[in-house]
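Student: Hi! I've just opened this one and don't know my way around yet. Can we walk through it together?

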Amino acid sequence: MEFWENSTVIHSLQRSLREWYQAQGRDLPWRSTTNPYHIWVSEVMLQQTQVSTVIPYYYRWLNQFPDIPTLAESSLDLILKLWEGLGYYARARNLHRAAQQVASEYQGIFPQELEKVLTLPGIGRTTAGGILSAAFNQPVSILDGNVKRVLARLVSLEQPPQKAIKQLWVISDTLLDKKHPREYNQGLMDLGATICTPSQPACLLCPWSEFCQALQYNLQTKIPMREPSSPLPHKEIGVAVIWNDQGEILIDRRPEEGLLGGLWEFPGGKIEANETIAACIQREIEEELGIKIEVGEHLITINHAYTHFRVTLNVYHCQYLQGEPQPLESQELRWVKPEQLSEFPFPKANTKIIEVIVG
DNA sequence: AAAACGTGGCT
DNA sequence: TAGCCAAGTTT
């Protein structure tokens, strides 16, 4: 039997975490409510995203979409505009779809059954546990990045967490304080975020230090272990800011699915081997929009890193020549004046382009 | 099962 | 500076 399966140890871990949380837990906007919709929004925004980034988005979102029916009836355009800059835009699309599902299937009332919650798009096991424990104090465990790190250190996990997900869920389930699930889950996440941090954990202040196997072996900075990562591929992109004679710019709305789905952008594409930037831009614009342009002055060059590749955006002013623009590889096209650009949700990599255009 | 999916902050 | 990491889910 592992030490963390001993009921005396479990109770001691639960009690010490709860006392620590009551004294040292963070005061966060979504902790002053049990409104499941508010907590749901916070949980989704917090996926792979840090608290300080989320807070302003959380307030703006609830101000714009105060309840589930309002969100369900909103346009995706407005939703994406509110989400602009937060990243992982599928979260916003899923929140919209899930709100429509709650509206139609549950009369707009967020369900309290785990099986029902898990059918909502964008809500997986951890988010479901986070919502049900925080909103309804239900004993449902979680396994987010904080919890993985804390538990990996507690048991001195000998392999990268990715390789031991099933085991970590068992530990998380076993240690969950079934009498105080809300405080336990929130406390465990706070412990990971403020004490058991990725680098330089504050073990001297940790309520679990006397049980922590990593600390006992002085491995707290080696655990969690990680696998070596492969270098990110790099893409050179040609981007066109196409002007017509009315002083308008042609922008397109990306396909609904995939990278930056539903966001607007300046058209362009990947530079092929042995292709000049100007030739690339001309070719891409003909392929994607079916029009002829003339490539003019260089506007700006932008380097940007996504999760799984990096890009260099080579942006050029272009002049529209002939043909009727068609959305051959996008959802929609618009000619817009520079001052209208701010009305559309753009990816972060494009904000510098807009700044330079608008001045 | 592994890859796709954004961005900002920290080291 | 380049890489790592963050309240993960979906396909």
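Tutor: Happy to! One term before we start: Ala, Val, Leu, Ile, Met, Phe, Trp, Tyr, Cys and Pro count as nonpolar, Asp, Glu, Lys and Arg as charged, and the others, Gly among them, as polar. With that in hand, the lining of the largest pocket divides into 15 nonpolar, 14 polar and eleven charged residues. Keep in mind that this is a predicted model.

Student: Okay, what volume does the largest pocket have?

Tutor: The largest pocket has a volume of about 1,400 Å³.

Student: And which residues lie nearest its centre?

Tutor: Gln48, Asp144, Gly145, Asn146 and Arg149 lie nearest the centre of the largest pocket, out of 40 residues that line it.

Student: Which helices supply at least two residues of that lining?

Tutor: Helix 3 (51–64), helix 8 (125–136), helix 9 (145–154) and helix 11 (181–195) each do. Helix 9 gives the largest share of the lining, five residues.

Student: Changing topic: there's DNA here too. Which residues are closest to DNA strand C?

Tutor: Leu46, Gly122, Asp144, Asn146 and Arg226 are the closest, and 28 residues surround DNA strand C. Asp144 and Asn146 were also named among the residues nearest the centre of the largest pocket. Helix 8, helix 9 and helix 11 each supply at least two residues of the surface near DNA strand C.

Student: How does that surface divide into nonpolar, polar and charged?

Tutor: The surface near DNA strand C has nine nonpolar, eleven polar and eight charged residues.

Student: What part of DNA strand C comes within 4 Å of the protein, sugar and phosphate or bases?

Tutor: Both do. Sugar or phosphate makes up 67% of the atoms of DNA strand C within 4 Å of the protein, and the rest belong to bases.

Student: Which residues have a polar atom by a phosphate oxygen there?

Tutor: Here are three of them. A polar backbone atom of Gly124 is 2.8 Å from a phosphate oxygen of DNA strand C. For Thr127, a polar side-chain atom lies 2.9 Å from a phosphate oxygen of DNA strand C. Ser229 has a side-chain N or O atom 2.9 Å from a phosphate oxygen of that strand.

Student: Now DNA strand B. Which residues come nearest?

Tutor: Tyr89, Leu260, Thr307, His308 and Lys348 come nearest, among the 17 residues around DNA strand B. Of the atoms of DNA strand B that come within 4 Å of the protein, sugar and phosphate account for 64%.

Student: How many residues of that surface are charged?

Tutor: One is charged, while eight are nonpolar and eight are polar, on the surface near DNA strand B.

Student: And the phosphate oxygens of DNA strand B, what lies by them?

Tutor: Again, three examples. A polar backbone atom of Lys348 is 2.7 Å from a phosphate oxygen of DNA strand B. Leu259 has a polar backbone atom 3.2 Å from a phosphate oxygen of the strand. With His304, an N or O atom in the side chain is 3.2 Å from a phosphate oxygen of DNA strand B.

Student: What does UniProt list as "binding site"?

Tutor: The UniProt record, an unreviewed entry, lists Arg254, Glu265, Phe266, Pro267, Gly268 and Asn350. These residues span 97 residues in sequence, yet no two of their C-alpha atoms are more than 13.2 Å apart, so they gather at one spot. The lining of the second largest pocket takes in Arg254, Glu265, Phe266, Pro267, Gly268 and Asn350.

Student: So how many residues line the second largest pocket?

Tutor: It is lined by 29 residues, with Ile237, Arg254, Glu265, Gly268 and Gly269 nearest its centre. Strand 1 (234–243), strand 4 (268–270), helix 13 (277–289) and strand 6 (310–322) each give two or more residues to that lining. The second largest pocket has a volume of about 560 Å³, and its lining divides into 16 nonpolar, four polar and nine charged residues.

Student: Back to Pro267: buried or exposed?

Tutor: Pro267 is buried, with a relative accessible area of 1%. Pro267 lies in the loop between strand 3 (264–265) and strand 4.

Student: Last one: where does UniProt place "domain: Nudix hydrolase"?

Tutor: The record, an unreviewed entry, places that feature at residues 232–359. In the model, that span is 16% helix and 41% strand, and its end C-alpha atoms lie 33 Å apart.

Notes: Residues numbered from 1 in each chain as written. Chains lettered and ligands numbered in written order. Predicted model: local features only at pLDDT ≥ 70, side-chain atom pairs only at ≥ 80, totals over all residues. Heavy atoms only, no water. 1 Å grid on protein atoms, 1.4 Å probe; cavity = no way out; pocket = protein on both sides within 12 Å on 5 of 7 lines; lining within 4 Å. Points joined across faces, edges and corners; volume = space filled by probe spheres on them. Helix = DSSP H or I, 4+ residues; strand = E, 2+ residues; numbered from the N terminus. Near = heavy atom within 4 Å. Polar contact = N/O pair within 3.5 Å; in protein donor to acceptor, adjacent residues only side chain to side chain. UniProt positions renumbered as here; feature names shortened; annotations may be inferred. Buried < 20%, exposed > 50% of the residue type's maximum accessible area, 1.4 Å probe, protein only.
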